[in-house]
Amino acid sequence: MSQPVHRGRRRSQLDRPALVALVLGVAGVGYRLVLTLHTIPVSNSDEATFGLAALHIAGGRELPVFLYGQRYMGMLEAYLAAPLIAVAGPSWPVLRLPLLVLYALFLWLIHRLTRRIASPWFATLVVGLLALGSERVVRDQLTVVGGRPEVKVAVLVMLLVAVGLARDTIRHRRLAVGLFGLLAGVAVWSDWLSLPYVGAATLALLWATRRELLGWAGALLVAGIALGIAPMILNNLGAPPGEDSLSVLREISTRAGPAPPWSQRISGGVLEGVPLAMGLCPVDGCARWQGWFGLLYPVLLVVAAVVAVVAYRRAAGRAARVAPVVHLALVVGAALTLLSYARSPHSVTDPLGNARYLAVLQLSLPAVLWPLWRAAVGAWRGTAGVGGRLTGAVATAALAALAATTLVVTVLFATVGTGASRIEERAARDLADVLRANGPREVYGDYWTCNRLIFNTGEEVVCGVLDDRFTPGQNRYPAYWDRVAVAGRPGYVVEAGSALERRLRRLLRDRADAALVADVGGYRVYHPETPVRPWR
């Protein structure tokens, strides 16, 4: 809201819904700042790979386009962290700070969009729900594993551009269209999972601008897309046969195994995946009763689509109709994302680990919950009949249950669910300190140990990845493996009691006990006089 002051200027003043939303948003950011400073959720080697790339970027050593060892996950998050790492050095809080900023932007942008396409108090509710966060939710928001945080910000800006163009509130329309294209290209380069939302937002732009795109605006849109996606295109042009992004993604999709029946896909992808992505379940998964929102979610998508179509038909003019158009775009983005996830065997084999692919569904929260909000408000205002009051009571109960469940799961995680992460993170730091101080500086280990160890030591210690059979494993950055390979006396870092340790002790035979030099927080360091490299 804006009110005039005596000198002819306008003084910005928050109305009550915006003020409450601000308080809730600050609380959400503060909660995640505390988690970030304590490296919660726990770090891992996937995240460390982004951190090492940021370290290389900061040092001017490399300018990677894709995640090391892949050709489809963009490295924008590494570039965002590189300036901070250049100043402060490698650490997990420094690596994650740009994602905290992206989360704050996400809250602000979704509040602005929801106010423009719905109502002020409903926008406050959306911010309040998104300020909460279970382990699964904050892991998607705070860990640097690529794609989703920046994609959500990009899509929201794109939709706001479409709204502004439709309502003629943007002065430089052509530049806004160019910005839309740039964000679309960057989102696709960063994470291919953004395609449903980017496509839906593009349809909203086409509707909003119509004939404008036949001129310079259309040229700037294409130029923006080309510029944003240029890193991926240029990299793929020089990729060896079969190693371009499309080929790699095709291979990944075909090697997932036999397709499970649709009943299992719906159970894992919808009944469990949606509640996990929305923060309704604890870290160890969903109880049967917590699947209620997953069961309700497809119904809400259909109802939201019907409500948007009815609102579109009743409205007159482009400015009034853009709100239901954006609602439809959010519904389409969510439906395509959910369908794509449910089609994948990964939704069945490991719904707890793979629910991160549904994190972008948070974008559609304003569209999905809008019918419930309208029904609840209509019942409370007494403007509905008997059937409307009954529907409003059910809608109110659903919204209350959603908020209460999210709050309870968040509180449980914040109070009693962080202990294991603290212990694991402390053990990883202690291991890094021991190896940095006493050596060895070249070691072999498993995948989930190696890159995290390298990042924790700022590359003072390097690690080559072995699998459980004691053969070369997933070495995302071959230079580390090469350095360990030429070491005259490498060490071995293994988890106590792991398959890798058992295999190592069998290979060392009677030399095993003498080679054990450190036992740190569940890790054991072996440093035999003669290296063990059976793959040679």
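Let me start with Tyr297, which touches Val274, Ala334, Leu338, Leu361, Ser364 and Val368 once residues up to four places away in sequence are set aside, a contact being a pair of heavy atoms within 4.5 Å. I should say at once that this is a predicted model, in which local features need pLDDT of at least 70 and side-chain atom pairs count only at pLDDT 80 or more, while totals for chains, interfaces and linings use all residues. Residues are numbered from 1 along each chain as its sequence is written, and side-chain values use heavy atoms, with hydrogens and water left out.

Tyr297 also belongs to the largest nonpolar core, where, of 143 residues, Phe106, Phe293, Tyr297 and Leu369 touch the most other members. By nonpolar core I mean a set of buried Ala, Val, Leu, Ile, Met, Phe, Trp, Tyr and Cys residues joined through side-chain atoms within 4.5 Å, and by buried, under 20% relative accessible area, with exposed over 50% and partly exposed in between, using a 1.4 Å probe and protein chains only. Helix 7, residues 148-166, supplies the largest share of this core, namely 13 residues; helices (H or I, at least four residues) and strands (E, at least two) are DSSP runs, numbered from the N terminus. Apart from this core lies another, of seven residues, including Tyr31, Val138, Leu142 and Phe413.

Next, the empty space inside. Rolling a probe the size of a water molecule over the atoms shows where such space is left. A cavity here is a set of points, on a 1 Å grid over the protein atoms alone, where a 1.4 Å probe fits but cannot get out, and its lining residues have an atom within 4 Å of a point; points are joined across faces, edges and corners, and a volume is the space filled by probe spheres set on them. The count comes to three cavities of 30 Å³ or more, and the largest has a volume of about 130 Å³. Among the residues lining the largest cavity are Leu129, Leu130, Ala277, Met278, Phe293 and Leu402, and the elements that give two or more residues to this lining are helix 5 (120-131) and helix 18 (386-416). What is the division of this lining into nonpolar, polar and charged residues? The lining has nine nonpolar residues, three polar and no charged, where Ala, Val, Leu, Ile, Met, Phe, Trp, Tyr, Cys and Pro count as nonpolar, Asp, Glu, Lys and Arg as charged, and the others, Gly among them, as polar.

Turning to the strands, strand 5, residues 491-495, is mostly covered, with four of its five residues buried. Strand 5 pairs with strand 3 (residues 442-445) in the parallel sense over two bridges, two bridges being the least that DSSP must find for two strands to pair, and Tyr444 has Tyr492 of strand 5 as its bridge partner. With strand 7, residues 523-526, strand 5 runs antiparallel over four bridges, and there Val494 stands opposite Arg524.

Finally, some backbone details. The loop between helix 1 (16-37) and helix 2 (45-58) holds Pro41, and the peptide bond from Ile40 to Pro41 is cis, with omega near 0°. Thr39, which lies in the loop between helix 1 and helix 2, has a positive phi of about 50° although it is not a glycine, and Thr39 counts as buried at 4% relative accessibility. Arg210, in the loop between helix 9 (195-209) and helix 10 (216-237), likewise has a positive phi of about 50°, but Arg210 is partly exposed, at 45%.

Terms used
On a 1 Å grid over the protein atoms alone, a cavity is a set of points where a 1.4 Å probe fits but cannot get out, and a pocket is an open set with protein on both sides within 12 Å along at least five of seven lines; lining residues have an atom within 4 Å of a point.
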